[in-house]
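Hi,

Here is the structure I promised to pass on to you. Have a look at it first, and then read my notes below.

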Amino acid sequence: MSCNQENQKGKELNVDNSQEEIIPQVISHKIETKSGMIFTLTEEKVTNSASIISVQGMNFPNSNEILIFKGDPIEQFYVLDLNKDGYEELYIAERSAGSGSYVNLIGIASFTDESYGKIYIQSIAENDDLAQGYMGHEEVTFSDSDIELVFPIYKEEDSNSKPTGGERIINYELITGEAGYILNPYLQM
């Protein structure tokens with residue numbers, strides 16, 4: 001594993017899932033926000049291509065719920081304040097096994113450090129302009145102020161291993177929805 005078990009504020013933490021490991025395996029990370037809220041992130045690797053991810057917040061006066069996600073192995077996670085409201089969110093990037101090696105994002109928002117909950121993340125596939133030519137193979141980058149997703153563009157005649165349409169850069173914004181936050185993808189101009 002390439003990340004430290006201890007919290008590293010403001011740093012991207014990558015998880016190395018490339019080596020064969022003993023399965024099942026449980027890995028936990030304690031992640032602290034700048035305001036002192038703590039997220040305990042636990043990944044139970046059921047197989048080399050499937051994980052059960054749980055997140056529990058600590059120090060939140062109105063919430064101690066355990067949020068469960070069943071999906072792919074964690075590739076990296078990052079804490080940042082994407083909407084600049086003074087409260088950091090936790091973002092997790094999972095990577096699927098297989099020829100497309102798709103990235104799935106998970107987000108947990110702090111609601112004014114009183115409670116926390118899941119962020120609804122709009123899929124690239126939900127937007128025709130963004131989804132055109134998309135077949136996975138993306139790379140996600142987190143910074144202190146941005147989430148960027150870059151992927152090759154596939155033309156109709158392209159094979160899965162030889163995209164010829166260039167690349168597309170997608171950024172994300174965190175917007176307030178009716179019942180919580182929405183991570184909205186948009187095309188970088």
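Tyr102 has a relative accessibility of 37%, and it counts as partly exposed because that value falls between the cut-offs of 20% for buried and 50% for exposed. Please keep in mind that this is a predicted model.

What is the relative accessible area of Phe151? The value is 1%, so Phe151 is buried.

These two residues are good starting points for the aromatic pairs, of which the count comes to eight. One of them joins Tyr102 and Tyr134 in an edge-to-face arrangement, with 5.6 Å from centre to centre and 65 degrees between the planes. This pair bridges distant parts of the chain, 32 residues apart: Tyr102 sits in the loop between strand E7 (89-95) and strand E8 (103-111), while Tyr134 belongs to the loop between helix H1 (128-131) and strand E10 (139-142).

Tyr134 also pairs with Phe151. Their ring centres are 4.8 Å apart and their planes stand at 75 degrees; an angle over 60 degrees counts as edge-to-face, so this pair is edge-to-face. Here too distant parts of the chain are linked, with Tyr134 in the loop between H1 and E10 and Phe151 in strand E11 (residues 147-152), 17 residues apart.

Two other ring features are worth a look while you have the model open. Phe39, Phe60 and Tyr116 form one aromatic cluster. Lys118 lies over the face of Phe69, at 5.0 Å from the ring centre.

Now to the sheet. Four strands make up an open sheet in the order E2-E3-E4-E5, and their pairing is antiparallel. At its edges are strand E2 (25-32) and strand E5 (66-71), each of which pairs on one side only. From one strand to the next, the twist averages 15 degrees. Within this sheet, strand E3 (residues 38-47) and strand E4 (residues 50-58) are antiparallel partners over nine bridges. If you want to find the register, Ile38 has Met58 in E4 as its bridge partner.

Finally, some totals. The protein chain contains one helix and 13 strands, and along the sequence the pattern reads β-β-β-β-β-β-β-β-β-α-β-β-β-β. The chain has 189 residues, 44% of which count as buried. Among contacts with a separation of 6 or more, 41% come from residues 24 or more positions apart. The exposed area of the protein chain is about 9800 Å², and carbon and sulfur atoms supply 47% of it.

Best wishes

Technical notes. Residues numbered from 1 in each chain as written. Predicted model: local features only at pLDDT ≥ 70, side-chain atom pairs only at ≥ 80, totals over all residues. Heavy atoms only, no water. Pairing = 2+ DSSP bridges. Helix = DSSP H or I, 4+ residues; strand = E, 2+ residues; numbered from the N terminus. Axes fitted to C-alpha atoms, helices over the stretch in contact; angles between N-to-C directions. Phe/Tyr/Trp six-rings, centres within 6.5 Å; stacked < 30°, edge-to-face > 60°. Buried < 20%, exposed > 50% of the residue type's maximum accessible area, 1.4 Å probe, protein only. Lys NZ or Arg CZ within 6 Å of the ring centre and 35° of its normal. Contact = heavy atoms within 4.5 Å. Areas by Shrake-Rupley, 256 points an atom, 1.4 Å probe, with all protein chains shown as cover.
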